[in-house]
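Got a few minutes and a structure viewer open? Here is a small set of exercises to work through, each with a solution laid out in steps.

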Amino acid sequence: MALKIEEIKKGKINLTNPVILYESPDYKVAWVGSAEEFIFRCNAYLISSGGINILIDPGGIQHFPQVKDRVTKIVGNPANVTHIIAHHQDPDVIGSLPEWLKINPEITVITTPRTKVLIPYYGFDRENVNWLDVSPLDDTIIDIGNSSTLIFLSAPFLHFPDAFVTYDSRSRILFSGDIFAAIQNRWELIVKNMEKHKNEMMYFHVYYMASQKALKYFVNKVSPFNIKAIAPQHGSIIPEEFVKTALDFLSELKCGIDLLYEESPVRSIMDEIFGEN
Ligand SMILES: [Fe+2]
Ligand SMILES: [Fe+2]
């Protein structure tokens, strides 16, 4: 099996190295995120297809040395990164972009027009960057060779108004940015207990996501895809066995403006995750 997620669940993970999520002779997908113990731990991912190396949500400036180290272990030289995907503009997602552009000024940055307006404020000249615009019409698709296309799907107001996600047709992993993210006292790379994980996702989504309407619209859009795993920017990767549960859960979740005039469930969720002090 090229998809390694079931193997990873059983084995011991060495987080000083990249963790290979999908592997075949011509194609690799790896977790290359940050390893510090922090409830807001950041995931970054790399897709490597021949000479094309796509880094997804590389993280903040403080993550740069360790993400670069993990990426280098796969691609040999960090200058071999050809594309960077920025699912939205937050510092934990893309604050390290100026460092990556110093290493390879030819990198193509894949993002949405409204994100493109904001991320140059991290400190680089927008005119000197190769941009690939992701359309809000869900018709931006790139062929990355080895029978793979990346499909970019808009995710309005989840949480940025012009956020999007990436579906890899080869590994069938959905890279979801902040959607399906979780805040976890104890992080694990792959979800094992989905009931516990629902609460950890809820804690994140009630604050950060705009509304149930936005989530439902998004879930309806991605549900027809054959999704073997969901890889968010925070928290654990959701394996295939829990994908439908996760989609159903978010589709019905009240969050954001839904909760403005209701009693927030956050207090009880916090007690469940962190214990009552
Ligand atoms: Fe964010
Ligand atoms: Fe984030």
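The exercises below go through strands, a helix, salt bridges and the surface.

Before you start: this is a predicted model, where local features need pLDDT of at least 70, side-chain atom pairs count only at pLDDT 80 or more, and totals for chains, interfaces and linings use all residues. Residues are numbered from 1 along each chain as its sequence is written, chains are lettered from A and ligands numbered from 1 in the order in which they are written, and side-chain values use heavy atoms, with hydrogens and water left out.

**Exercise 1. Work out how strand 2 pairs with strand 1 and strand 3.**

Step 1. Get the terms straight. Strands are DSSP runs of E with at least two residues, helices are runs of H or I with at least four residues, and both are numbered from the N terminus. Two strands pair if DSSP finds at least two bridges between them.

Step 2. Look at one side. Strand 1 (residues 19-24) runs antiparallel to strand 2, with 5 bridges, and a hairpin of 2 residues connects them. Tyrosine 22 has valine 29 as its bridge partner.

Step 3. Now the other side. Strand 2 and strand 3 (residues 45-49) are antiparallel too, over 5 bridges, and here valine 29 sits opposite isoleucine 47.

Step 4. Check the cover. In strand 2 (residues 27-31), 4 of the 5 residues are buried. Buried means under 20% relative accessible area, exposed means over 50%, and partly exposed is in between (1.4 Å probe, protein chains only).

**Exercise 2. Trace the open sheet of 6 strands and look along strand 8.**

Step 1. The order is 8-9-10-11-12-13, and the pairing is mixed. At the edges you find strand 8 (140-143) and strand 13 (238-239), each pairing on one side only.

Step 2. Strand 8 pairs with strand 9 in the antiparallel sense over 4 bridges, with isoleucine 141 opposite isoleucine 151. The two strands make a hairpin with 5 residues between them, and glycine 145 in the turn has a positive phi of about 80°.

Step 3. Follow the side chains. In a regular strand they alternate between the two faces of the sheet. In strand 8, Thr140 and Ile142 point to one face and are buried, while Ile141 and Asp143 point to the other and are not.

Step 4. Move one strand along. Strand 9 (residues 149-154) and strand 10 (residues 164-168) run antiparallel, joined by 5 bridges, and phenylalanine 152 faces threonine 166.

Step 5. Stop at serine 176 in strand 11 (residues 173-177). Serine 176 is buried because its relative accessibility is 1%. Its contacts (heavy atoms within 4.5 Å) are Val165, Ile230, Ala231 and Pro232, leaving out residues up to four places away in sequence.

**Exercise 3. Test whether the length of helix 6 agrees with its number of residues, and say why helix 6 counts as largely enclosed.**

Step 1. The expected span is 1.5 Å times one less than the number of residues. Helix 6 (residues 194-208) has 15 residues and should span 21 Å; its end C-alpha atoms are 21 Å apart, so the two agree.

Step 2. Helix 6 is largely enclosed by the rest of the structure because 11 of its 15 residues are buried. Among them are Met194, His197, Tyr203 and Phe204.

**Exercise 4. Compare what two of the 13 salt bridges link.**

Step 1. A salt bridge is a side-chain nitrogen of Lys or Arg within 4 Å of a carboxyl oxygen of Asp or Glu.

Step 2. Lysine 9 bridges to glutamate 6, with the closest N and O atoms 3.6 Å apart. Both lie in helix 1 (residues 5-10), 3 residues apart, or about one turn of the helix. Glu6 and Lys9 also belong to a salt-bridge network with Glu241.

Step 3. Lysine 221 and aspartate 138 meet at 3.0 Å, N to O. This pair links distant parts of the chain, 83 residues apart: lysine 221 is in helix 7 (residues 212-222), and aspartate 138 is in the loop between strand 7 (130-133) and strand 8.

Step 4. Lysine 221 is buried, since its relative accessible area is 15%, while aspartate 138 is partly exposed at 23%.
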